[in-house]
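Me: I would like to go through this model slowly, and to ask at each step what justifies the words that are used for it.

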Amino acid sequence: MHASFLTVRLVVLAAIASVVSAFPANCDRNVTVQSGDTCDAISAANSVSTYQLATVNSGIIDSACDNLFIGEVVCLGITGQDCNVTHVMQTGDTCYSVATAAGIPLNTLLANNPNVNTNCTNVYPGEVLCTASQIYVN
């Protein structure tokens, strides 16, 4: 019985250590995951693109973003590469309409959101795009 308790504690400590080691050292801002949070909800509430959230936390969040847990701290942006000017995609939005409303060239929108294809056919309602005039993605 004591051995299994010790094993559970070691597994939990190893999991915490792996998350801590995956957290970006140059994180500019962060948030603690709450009950019911999704990547898109976190992105929308904190003005961070869905792409940026996934990329910055690639060592913590899986590609489907289905492994968040309550109390987990995730990074929202890296110092010097933290886009906090965003737009939450709505039904009927196009990349062109979003770029026009933001007053930026379409190429800037696409550069800051490299997960979006050039025809903008792979965006979805609720996805959060960076709409800054500065290009943050290298």
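**Disulfides and a buried charge**

Reply: Let us begin with cysteine 95 and cysteine 120, where the torsion about the S-S bond is about 70 degrees, so the disulfide is right-handed. Cysteine 95 belongs to helix H4 (residues 95-102), while cysteine 120 sits in the loop between helix H5 (106-112) and E4, so the pair ties together parts that are 25 residues apart in sequence. Please keep in mind that this is a predicted model.

Me: What makes the link between cysteine 95 and cysteine 120 a disulfide?

Reply: The sulfur atoms of cysteine 95 and cysteine 120 are 1.7 Å apart, and a pair of cysteine sulfur atoms counts as a disulfide within 2.5 Å, so the pair meets the rule.

Me: Why is cysteine 95 called buried, and why is cysteine 120 called buried?

Reply: Buried means under 20% relative accessible area. Cysteine 95 has a value of 3%, so the word applies, and cysteine 120 has 13%, so it applies there as well.

Me: How do you know that cysteine 83 and cysteine 130 are joined?

Reply: Their sulfur atoms lie 2.0 Å apart, which is within the 2.5 Å cut-off, and therefore the pair is a disulfide. Cysteine 83 is in the loop between E2 and strand E3 (86-88), and cysteine 130 is in strand E4 (residues 128-130), so that distant parts of the chain, 47 residues apart, are linked. The torsion about this S-S bond is about 95 degrees, so the disulfide is right-handed.

Me: What makes cysteine 39 and cysteine 65 a disulfide?

Reply: Here the sulfur atoms are 1.6 Å apart, and because the limit is 2.5 Å, the pair qualifies. Cysteine 39 in helix H2 (residues 39-46) is thereby linked to cysteine 65 in the loop between H3 and E2, 26 residues apart. Both of these cysteines, 39 and 65, are buried. By the sulfur distance rule, the count comes to four disulfides.

Me: Why is glutamate 72 said to have no salt bridge?

Reply: A salt bridge needs a side-chain nitrogen of Lys or Arg within 4 Å of a carboxyl oxygen of Asp or Glu. For glutamate 72, the nearest side chain of opposite charge is arginine 29, 17 Å away, so the condition is not met, although glutamate 72 is buried. Glutamate 72 lies in the loop between helix H3 (50-56) and strand E2 (73-78).

Me: Which residues is glutamate 72 in contact with, leaving aside its neighbours within four places in sequence?

Reply: Its contacts are Val31, Thr32, Val33, Ile60 and Asn67.

Conventions. Residues numbered from 1 in each chain as written. Predicted model: local features only at pLDDT ≥ 70, side-chain atom pairs only at ≥ 80, totals over all residues. Heavy atoms only, no water. Helix = DSSP H or I, 4+ residues; strand = E, 2+ residues; numbered from the N terminus. Buried < 20%, exposed > 50% of the residue type's maximum accessible area, 1.4 Å probe, protein only. Lys, Arg positive; Asp, Glu negative; His and termini not counted. Contact = heavy atoms within 4.5 Å.
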